[in-house]
Amino acid sequence: MRHYIVTGMTCAACQARVEKAVGRLPGIKDVSVSLLTNTMGVEGDVSEADVIKAVEDAGYGARPKITADIRENDRPDAFANLAAEEEALKDYETPKLIKRLIWSVGFLLILMYLTMGHNMLGLYVPAFLVHNHLGLTLSQMLLAIIVMYINRAFFISGFRTLFHGSPNMDTLVALGSSVSFGWSLYVFYKMTVMITGGTPNTDLMEIYHSQLYFESAAMIPALITVGKTLESVSKGKTTDALKNLMKMAPKTATIERDGKEFLVDIKEVRAGDVFVVKPGESIPVDGTIVEGDTAVDESALTGESIPVDKSVGDSVSAATINHSGFFKAKATRVGEDTAFSRIIQMVSDAAATKAPIARIADKVSGVFVPAVIAVAAAVFVIWMIKDAGIVYALERAISVLVISCPCALGLATPVAIIVGNGMGAKNGILFKTGEALESTGKVQIVALDKTGTITEGKPEVTDIIPADGVTQEELVSTAYLMEVRSEHPLAKAVVNSVDDPPCPLHPVTNWKALPGNGISAEQNSQVLYAGSGKFIRTVCSMDPVTKQREKSLSKEGKTPLFFAREGKLLGIIAVADVIKEDSARAVKELKNMGIEVVMLTGDNAGTAQAIGKQAGVDNVIAGILPEGKESVIRDLQKYGKVAMVGDGINDSPALTRADIGIAIGAGTDIAVDAADVVLINSKLTDVSAAVRLSRKTLKNIYENLFWAFAYNIILIPMAAGLYHGIRMNPMWGAAAMSLSSFTVCMNALRLNLFKVHDATHDHKVRRPALAWDEINNINNTETEESTMTKTLKVEGMMCEHCEARVKKALEAVAGVESAVADHNANTAVVTLSADVADDVLKKAVEDQDYKVLGIE
């Protein structure tokens, strides 16, 4: 999508006119115009020149938004883009409006003093104006002309768009003020004719003077300028979150080359460069620490204020602050590829897109101004027919013109969307489009991937259970010495759990890996063993209590590792991919919102059910392939809107299929690209926070639209004189119009006070009734007619990583459609799309150092 700056738009009718003009061009797929940011996004096969010409032919101006330089590697310079983005958001309009307002109010006060102050309150005026109706009228006319000239932008824009056949809000202001001035000028001529004719009539002159509307002609544009100024200030505040993010963009970096440090422009940093960061400095690009330790304030990206400890091998991100410590890092992502630049782009793109609900207001705004002009003309004619007099009829028609406000309609949705997006960005929740922000709050079913989403995605030690007569220190020390040489993920989990590695008197020797069983070694002439329960039972006895404990741990989704010395059991260390600390809370919050929660995983049913129970997920679907996840999502969509939450490449089809795809920020780039919402913090509670923020934003939009429609529905009839006993002066109509848009903007700004993680005010919606028997059987029913299955008895699988290894090996065999391994049952079930020989399946598994005992 290409972006443009559009100039000359003043209201929602302008926005609709520009969209319509560009949308008619051949090759255009989509066009979205934002009145709030004065930007336009265009998607399609059309040249910039044609787009700009279409906008200019409609009576407005346009230019490309980003004119970034091209780097040597033909990639856009992200920081030039960032500068262009920041330039586009700068508020040039408010200072001009304030200056215009000051001059307008100055001359208007003088005019009001002469009209109302003298005539109504009897305030002092110079003697040469007392009883000098012609002089007083001439003074009013000159002052009105000055105020109208100061606010000439209304008249230039209003009449230009009227002549182009696309009247806007400025047209209403220009017509109302011009009609008031024209009528007053006509009355002034009648007064001069009477005086020059030599037959002045004091009473008649008083009547003529009371029919002057020069103060209205000046007051209308002046009061609209007041409203425009307030609106401009409040609109500027709605983009504060995006502007503050942009201000954090680093401008320079300290690069180390040949042992020397050089301060260079951020644009000169390349992937592979080593950069140096001192305490208090901003990290220039994404990288990996190669020297030093520090604590990094990542609040710019995640919203978390507590600094995160970093050491060699850890990644750091651009625009975060080095809180303490000196370090060197190797640049991995620069320019537009950094996490910070991607966040800026996502928030900016979201601001440039339209939420579906905005289309309602756009349709109304497109016909609103012509309809108001027609209504004003009809009001004038009706009152003339009713013989109310031309003065009254004009007053009613002018009031209708100036009180009508399409701006409030046009701003109702975009201001709330921009503030909502800004709030999300501050809390590490990125909505890629306005539609994503609107739709997230409407989801009825949330499907969660297990590994890396509900769980941490890496094994950790959960239980340490020494045998009778063995201390915990002895068990942990022996386990560390046994596992420290192993590359197995479970061994690494044991090693990483030891904070203070032991220094034994006697070293471990004769270390051997026993594929499919475990490890053996010697220490001080004693034989040590580590491995599964089945293996350990071959080298030492195991009492019933320990066997029962093994079963209990397995049911909980944990993998028990046994350790023995010289035929004596030392104890059990259980390892599992533990759930994240906020997973259970997140699931509970989603349920409290009336959302059905489903867990999808390729793991075996036993492990999946154990994890589901810990997280509080009642509906678990296990043993499914990536295509199976996508199929489940499609099936769930029969019951309501579905959000899919995942982090891996295998989740991408499901993320794309879902109504809303939510990617965990720490996940793969493919998953992030496939999603509609990105959670930078990788916290599951941010899913419920995203739903909560979406619902609040949508509620704010409804409030804004209600106000915008109610304002016009109530006040236009009042201005037309339909309410008995109420006669509205055009000046009060202008005042009401000037405040309507300001009110909408201020209401949207209330979103800045919203606490996205506060669940105390969550409300439930009706949960869909799901046919779980049908959903759980979806993978079977789709393939049972065209496929066959075989079950392999596999010895040596000890954990989920062993399962994944066997699964991958089997699925690499031609003709194998899917494989589900279960280390607890010691089985691997393969689904075949073609006949595959048993010895081929056996070889695939045994090549991975596991033993196949039989195939059924």
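## Exercises on strands, helices and rings

Thr288 stands opposite Ser315 in β11. That pair is our way into this chain, which is a predicted model, so let us start there.

**Exercise 1.** Find the strands that β8 pairs with, and give the sense of each pairing.

*Solution.* Step one: start from the position opposite Thr288, which is Ser315. Ser315 belongs to β11, a strand covering residues 315-316. β8 and β11 are antiparallel and share 2 bridges.

Step two: look at β13 (residues 327-333). It runs antiparallel to β8 (residues 286-291), and 5 bridges hold the two together. Within this pairing, Ile289 has Ala329 as its bridge partner.

Step three: put the two residues of β8 side by side. Thr288 faces β11, while Ile289 is bridged to β13. As background, strands of a sheet pair through backbone hydrogen bonds, in either the parallel or the antiparallel sense.

**Exercise 2.** Work out the strand order of the open sheet with 7 strands, and name its edges.

*Solution.* Step one: trace the order, which is β14-β26-β25-β24-β15-β22-β23, with mixed pairing. Step two: pick out the strands that pair on one side only, namely β14 (429-431) and β23 (619-621). Step three: check the turn between neighbours, which averages 20° with direction ignored.

Step four: examine one pairing closely. β25 (residues 660-664) and β26 (residues 677-679) run parallel, joined by 3 bridges. One residue to display here is Ile664, whose bridge partner in β26 is Leu679.

Step five: add the helix. α27 (residues 685-720) lies across β14, β15 (445-449), β24 (642-646), β25 and β26, and it runs at about 50° to β14.

**Exercise 3.** Which residues of helix α22 are buried, and what covers them?

*Solution.* Step one: select α22, residues 583-592; its buried residues are Ser583, Ala586, Val587, Glu589, Leu590 and Lys591. Step two: recall that an α-helix has 3.6 residues a turn, so residues three or four places apart point the same way. Step three: list the cover, which includes β15, α17 (450-454), β22 (596-600), α23 (605-615) and α27. Here you meet α27 again, the helix that lies across β14 and other strands of the sheet. Step four: look just past the helix, where Gly594 has a positive phi, near 85°.

**Exercise 4.** Classify the ring pairs Phe188–Tyr189 and Trp383–Tyr392 as stacked, tilted or edge-to-face.

*Solution.* Step one: the whole structure contains 8 aromatic pairs. Step two: Phe188 and Tyr189 have centres 6.3 Å apart and planes at 40°, so they are tilted. Phe188 is buried at 9% relative accessible area, whereas Tyr189 is partly exposed at 49%.

Step three: for Trp383 and Tyr392 the centres are 5.0 Å apart and the planes meet at 85°, so this pair is edge-to-face. Both Trp383 and Tyr392 are buried.

Step four: look for charges over rings. Arg396 places its charged end over the ring of Tyr392, 4.9 Å from the ring centre. Arg100 does so over the ring of Phe154, with its charged end 4.9 Å from that centre.

**Exercise 5.** How much of the chain is buried?

*Solution.* Of the 856 residues, 54% are buried. The accessible surface is about 37000 Å², and carbon and sulfur atoms supply 56% of it. To round off the picture, the chain has 32 helices and 30 strands.

Methods:
Residues are numbered from 1 along each chain as its sequence is written. This is a predicted model: local features need pLDDT of at least 70, side-chain atom pairs count only at pLDDT 80 or more; totals for chains, interfaces and linings use all residues. Side-chain values use heavy atoms; hydrogens and water are left out. Rings of Phe, Tyr and Trp (its six-membered ring) pair if their centres lie within 6.5 Å; planes under 30 degrees apart count as stacked, over 60 as edge-to-face and the rest as tilted. Buried means under 20% relative accessible area, exposed over 50%, partly exposed in between (1.4 Å probe, protein chains only). A charge sits over a ring if NZ of Lys or CZ of Arg is within 6 Å of the ring centre and within 35 degrees of the ring normal. Two strands pair if DSSP finds at least two bridges between them. Helices (H or I, at least four residues) and strands (E, at least two) are DSSP runs, numbered from the N terminus. Axes are lines fitted to C-alpha atoms, for helices over the stretch in contact, and angles run from 0 to 180 degrees between N-to-C directions. Contact means heavy atoms within 4.5 Å. Accessible areas come from the Shrake-Rupley method with a 1.4 Å probe; for residues, only the protein chains shown count as cover.
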